[in-house]
Amino acid sequence: MNIHNAALTISAVSPSQYPKTDFPEIAFAGRSNVGKSSLINKLLGRKSLARTSSKPGKTATINFYDIDGCLHFVDLPGYGYAQVSKEEKKKWASMIETYLNTREQLKCTAILVDARHSPTQDDKTMLGWIRERQGYALVLATKCDKIPKTKLNDHLDEIYYALNLEDEDILIPVSGETGLGIDDAWEAILELTGVE
Ligand SMILES: Nc1nc2c(ncn2[C@@H]2O[C@H](COP(=O)(O)OP(=O)(O)OP(=O)(O)O)[C@@H](O)[C@H]2O)c(=O)[nH]1
Ligand SMILES: [Mg+2]
């Protein structure tokens with residue numbers, strides 16, 4: 001996609017702050033530090049629009065990025081970060097759940113998993129929520145640049161089976177570092193959000 005303008009619309013914590021726009025949204029969910037914000041930057045061809053950090057827990061709000069006034073990318077707080085207090089975890093979980101369960105503009109939620117490791121119980125729980133809402137799974141396996149090319153298929157197979165993926169689901173290997181899989185990811189995003 002040829003992007004002319006991408007900008008942060010708002011960092012929201014509650015539904016009253018969600019943008020009053022009616023164009024489609026795609027959300028990016030995944031464990032803290034899995035590479036959500038990095039992938040958003042790569043998809044948008046921007047270095048640091050979405051703030052990233054080697055320290056998990058960077059994104060603590062629901063960040064809406066407006067793309068040419070026709071699509072919102074929604075960067076969700078990461079889950080599963082052990083160092084966050086119980087209170088904070090509860091707050092983030094309820095923030096994510098409220099958005100996923102109530103937002104009508106949400107057309108697709110992608111789940112990001114680290115291609116190097118087996119998906120966690122938290123990943124499976126999150127995918128369960130997503131499936132309940134949209135039926136299928138769009139799984140983006142991140143940090144593939146860190147896996148030797150000859151091993152990549154083994155890692156993808158492991159994710160496929162661990163998450164019980166099926167034919168109608170989509171699993172795309174990506175890298176927010178090298179740009180691997182970015183075109184494929186865009187193709188899936190445009191199709192699943194219905195953006196021309
Ligand atoms: N090698 C490599 N590093 C990556 C990739 N994606 C992200 N990283 C690194 O992983 C760390 C976390 O990336 P973020 O994009 O901030 O992760 P996040 O999922 O947004 O994390 P939270 O906001 O805490 O939920 C950073 O140090 C990134 O540079 C990737 O595809 N390849
Ligand atoms: Mg982030």
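A residue is called exposed if 12 or fewer other C-beta atoms lie within 10 Å of its own, and buried if that count is 20 or more. I begin with this cut-off because two asparagines in the model fall on opposite sides of it. The model is a predicted one.

Let me take those asparagines in turn. Most residues other than glycine have a negative phi. N164, however, has a positive phi of about 55°. N164 sits in the loop that leads from α4, residues 152-162, to β7, residues 170-173. Because N164 has 11 other C-beta atoms within 10 Å, N164 is exposed. N33 also departs from the rule, with a positive phi of about 80°. The loop that holds N33 connects β2, residues 25-30, with α1, residues 36-44. With 21 other C-beta atoms within 10 Å, N33 is therefore buried.

I turn now to the sheet. Seven strands form an open sheet with mixed pairing, in the order β1-β3-β4-β2-β5-β6-β7. Its edges are β1, residues 6-12, and β7, each of which pairs on one side only. On average, neighbouring strands are turned by 25° against each other, ignoring direction. Within the sheet, β2 and β4, residues 71-75, run parallel and are joined by four bridges. In one of these two strands lies I26, and its bridge partner in β4 is F73. Helix α3, residues 121-134, lies across β2 and β5, and runs at about 160° to β5.

Strand β2 merits a further look. A29 belongs to this strand. Is A29 buried or exposed? A29 is buried, because it has 24 C-beta neighbours inside 10 Å. Beyond its neighbours within four places in sequence, A29 is in contact with L76, I96, T109, I111 and M126. Of these contacts, L76 lies 47 residues from A29 in sequence, yet their C-alpha atoms are 5.7 Å apart.

Next, the nonpolar core. The largest one comprises 43 residues, and F28, I111, L140 and A141 have the most contacts inside it. Strand β5, residues 106-114, supplies the largest share, six residues. Which residues does F28 touch, not counting those up to four places away in sequence? The contacts of F28 are K36, L39, I40, F73, V74, D75, L76, A110 and L112.

Three of those contacts, K36, L39 and I40, are listed among the buried residues of α1. The others buried in this helix are S37, S38, N41, K42 and L43. Eight of the nine residues of α1 are buried, so this helix is largely enclosed by the rest of the structure. The cover over its buried residues includes β2, β3 (62-67), β4, β5, β6 (138-142) and α5 (182-193). After α1 comes G45, with a positive phi near 65°.

Finally, the ligand. Around ligand 1 there are 24 residues, the closest being G35, S38, T52, T59 and G78. Which element gives the largest share of this shell? The answer is α1, with three residues. What is the make-up of the shell by class? It has 15 polar, six charged and three nonpolar residues. S38, then, is one of the closest residues to ligand 1 and is also buried in α1.

Definitions and conventions. Residues are numbered from 1 along each chain as its sequence is written. Chains are lettered from A and ligands numbered from 1 in the order in which they are written. This is a predicted model: local features need pLDDT of at least 70, side-chain atom pairs count only at pLDDT 80 or more; totals for chains, interfaces and linings use all residues. A nonpolar core is a set of buried Ala, Val, Leu, Ile, Met, Phe, Trp, Tyr and Cys residues joined through C-beta atoms within 7 Å. Two residues are in contact if their C-beta atoms, placed from the backbone, lie within 7 Å. A residue is near a molecule or strand if its C-beta atom, placed from the backbone, lies within 6 Å of it. Ala, Val, Leu, Ile, Met, Phe, Trp, Tyr, Cys and Pro count as nonpolar, Asp, Glu, Lys and Arg as charged, and the others, Gly among them, as polar. Two strands pair if DSSP finds at least two bridges between them. Axes are lines fitted to C-alpha atoms, for helices over the stretch in contact, and angles run from 0 to 180 degrees between N-to-C directions.
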